[in-house]
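Hi,

Here is the structure I promised to send over. Have a look at it first, then read my notes below.

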Amino acid sequence: MRNRLPQLRADKALSQASLASALGVSRQTIVSIERGHFSPSLPLAFRIAALFDCTIEDIFTPDPD
């Protein structure tokens, strides 16, 4: 799954650690999501979207097949 998390995080001047803290996850979870190695659970995806005041679809898109 592709995502715009690094761009959104940079736009708000958030470090990976501060984003992780705000979401209640580890920094490694944020790193894994940003690299596309981990897809967040639906509840976590909703928390991410709420934090950035956008929809899940604005952040995450499926990989082209």
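On one side of helix α4, Pro43, Phe46 and Ala50 are exposed. This is a predicted model, by the way, so keep that in mind as you read on.

What about the other side of α4? There, Leu44, Ala45, Ile48 and Ala49 are buried, within a helix that runs over residues 42-51. Viewed down the axis of α4, these buried residues fall within an arc of 140°, so they line one face of the helix. The general rule behind this pattern is handy to remember: an α-helix has 3.6 residues a turn, so residues three or four places apart point the same way.

Which elements do the buried residues of α4 pack against? Their partners are the helices α1 (5-11), α2 (16-23), α3 (27-34) and α5 (56-59), plus the strand β2 (60-61).

Now for the backbone. Most residues other than glycine have a negative phi, but two residues here go the other way.

- Asp53 comes just after α4 and takes a positive phi of about 55°. Asp53 sits in the loop between α4 and α5. With a relative accessibility of 72%, Asp53 counts as exposed, because the cut-off for that is over 50%.
- Ala13 is not a glycine either, yet its phi is positive, at about 55°. You'll find Ala13 in the loop between α1 and α2. Ala13 is exposed too, with a relative accessible area of 69%.

To see this for yourself, try looking down the axis of α4 and picking out the face lined by its buried residues.

Cheers

Conventions:
Residues numbered from 1 in each chain as written. Predicted model: local features only at pLDDT ≥ 70, side-chain atom pairs only at ≥ 80, totals over all residues. Heavy atoms only, no water. Buried < 20%, exposed > 50% of the residue type's maximum accessible area, 1.4 Å probe, protein only. Helix = DSSP H or I, 4+ residues; strand = E, 2+ residues; numbered from the N terminus. Arc of directions from axis to C-beta. Contact = heavy atoms within 4.5 Å.
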